[in-house]
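Me: Could you take a close look at one part of this model for me, the place where two helices cross? I'd be glad of a connected account that also says something about what lies around it.

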Amino acid sequence: MASCFSYVSSRNKCYQYSFSRAGLRSSTSDLGDGTVFHCWIPLTHIHTKPTLLLLHGIGANAMWQWDRFIDRFIPRFNVYVPDLIFFGDSYTTRPDRSESFQATCVMKAMDAYGVRTMTVAGLSYGGFVAYSLAAQFKERVDRVVLICAGVALEEKDSEDGMFKVKSPEEAAAVLFPQSPSMLRRLLQLSFYKPPIWIPSCFAMDYIHVMCKDYLQERKELVEALHKGRRFANLPKITQPTLMIWGEEDQVFPVELAHRLKRYLGEDRAQLVLLKKTGHAINEEKPKEMYKHMKSFLCTDAMIPPNHQINAKRLMLANLISPDQQINK
C-alpha cells in the first residue's frame, strides 16, 4: 500500500517556503530550442549589490543543497539559485549533455534577468558548470568558488584506480540510486561520518521524489563528464578562484584539488582543505564552508560594509557631505 505521507515532499515544500521568506521567488524561463530553465531569483534586483550565482551538485534539487546559506548571502548579494538542466524544473529536448551546454543555459537565463556580471559558486557537478561559465564568459564572471568539484579529472583516472567506482556507468548508478542499498552506498561515499542507519521506507521515499525523473538523461550527464576527458584540454580560467575540499573526499579525491591548484597557479587559486570531511561539505561542515566563502567573497574592495552603503545613499540625497562620510 502506498504511503499517504511523503517526508521528502513535505521537506521540499518547507524549502520552498524558506526560499520565499528569504526574499527569493521562483521563475521559469523558456530559453528556446526546447529548453526550459527554472531559477530562484531576487524579488527585487538591487543594482548597488553584486550578484552571486549558486550552482548545485548532482543529487537533490538546488533548494536542498543551498538552503543553509541563502539567508547569510542575501544581505550582501543579489542571490540567484538555478536548477541545472534535468534537475528540479529545468529540462531540455536537446541532446547536448556537456557542462558547457549547462553553462550556456545558465548564462542565457541570466541574460533574461538582465544580470551582466556575477560571482559563481558551484558544488561538485555545479563546480564543473561554474568553471565552464568562467572559461566561456570571462568578462561576465569576476570570481569563482569550486567546492569539491573535480574539474581536473581525466578519463584515464578511472583506469588508474583513483575513484571508488570503476566506471561512469557505475558512478551514475550510485549517484542516482534506485534502491535503499544503493542510497546507503551513496551516503557512505559522500560523508566522512555517514548516517548510521537509514530506514528503507525513507530511502524509497527519497528515491521516488528525487531520483526518478530524467534518470536516463542524468546518467548521460555523468558519462559526458568522463568520456574523452583530458586534463591537457582543460581551459585555464583567469578569475580569482577559491577551492574548498574535504580531505576525506571519496567522490573527487583531494589529489584533483592539488592538480587544479598547480594548473591555475598560486597567485590565482586558493585551496582550503577541511579535516575529517568528505564530499558533502555543505552538509557536514556548513559553518566552515560559509566562513571561507565569506572571507573570499565579502572583501571591502568588492562589497562596502552596510554603513558605507547607507552613507553613500545619504550623500546622494544631499543629506551629508563627502567629508562627513569619510569621518563616519
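Reply: Happily! In this predicted model, helix α2 passes helix α12 in a right-handed crossing. The two elements cover residues 62-73 for α2 and residues 286-297 for α12, and they pack at an angle of about 40° with their axes 11 Å apart. Because angles under 35 degrees count as roughly parallel, that angle makes α2 oblique to α12.

Now for the side chains and residues involved. On the α2 side, the contact is made by W66, R68, F69, R72 and F73. Helix α12 answers with P286, M289, Y290, M293 and L297. Sorted by class, the contact has eight nonpolar residues and two charged ones, with no polar residue.

Helix α2 also has a part in another feature, the largest pocket: α2 is one of the helices that each supply at least two residues of its lining. The others are α4 (125-136), α6 (168-175), α7 (180-190), α8 (200-210), α9 (215-226) and α11 (281-284). Of these, α7 gives the largest share of the lining, five residues.

The pocket itself has a volume of about 1,000 Å³. Its lining is made up of 43 residues, and I58, G59, L186, S190 and A280 lie nearest its centre. By class, the lining divides into 29 nonpolar, eleven polar and three charged residues.

So if you start from α2 in the viewer, you can follow its right-handed crossing with α12 and then turn to the lining of the largest pocket, to which α2 supplies at least two residues.

Notes: Residues numbered from 1 in each chain as written. Predicted model: local features only at pLDDT ≥ 70, side-chain atom pairs only at ≥ 80, totals over all residues. Heavy atoms only, no water. Axes fitted to C-alpha atoms, helices over the stretch in contact; angles between N-to-C directions. Helix = DSSP H or I, 4+ residues; strand = E, 2+ residues; numbered from the N terminus. Parallel < 35°, antiparallel > 145°, perpendicular 65-115°, else oblique. Left-handed = near helix turned anticlockwise from the far one by under 90°. Contact = heavy atoms within 4.5 Å. Nonpolar A, V, L, I, M, F, W, Y, C, P; charged D, E, K, R; others polar. 1 Å grid on protein atoms, 1.4 Å probe; cavity = no way out; pocket = protein on both sides within 12 Å on 5 of 7 lines; lining within 4 Å. Points joined across faces, edges and corners; volume = space filled by probe spheres on them.
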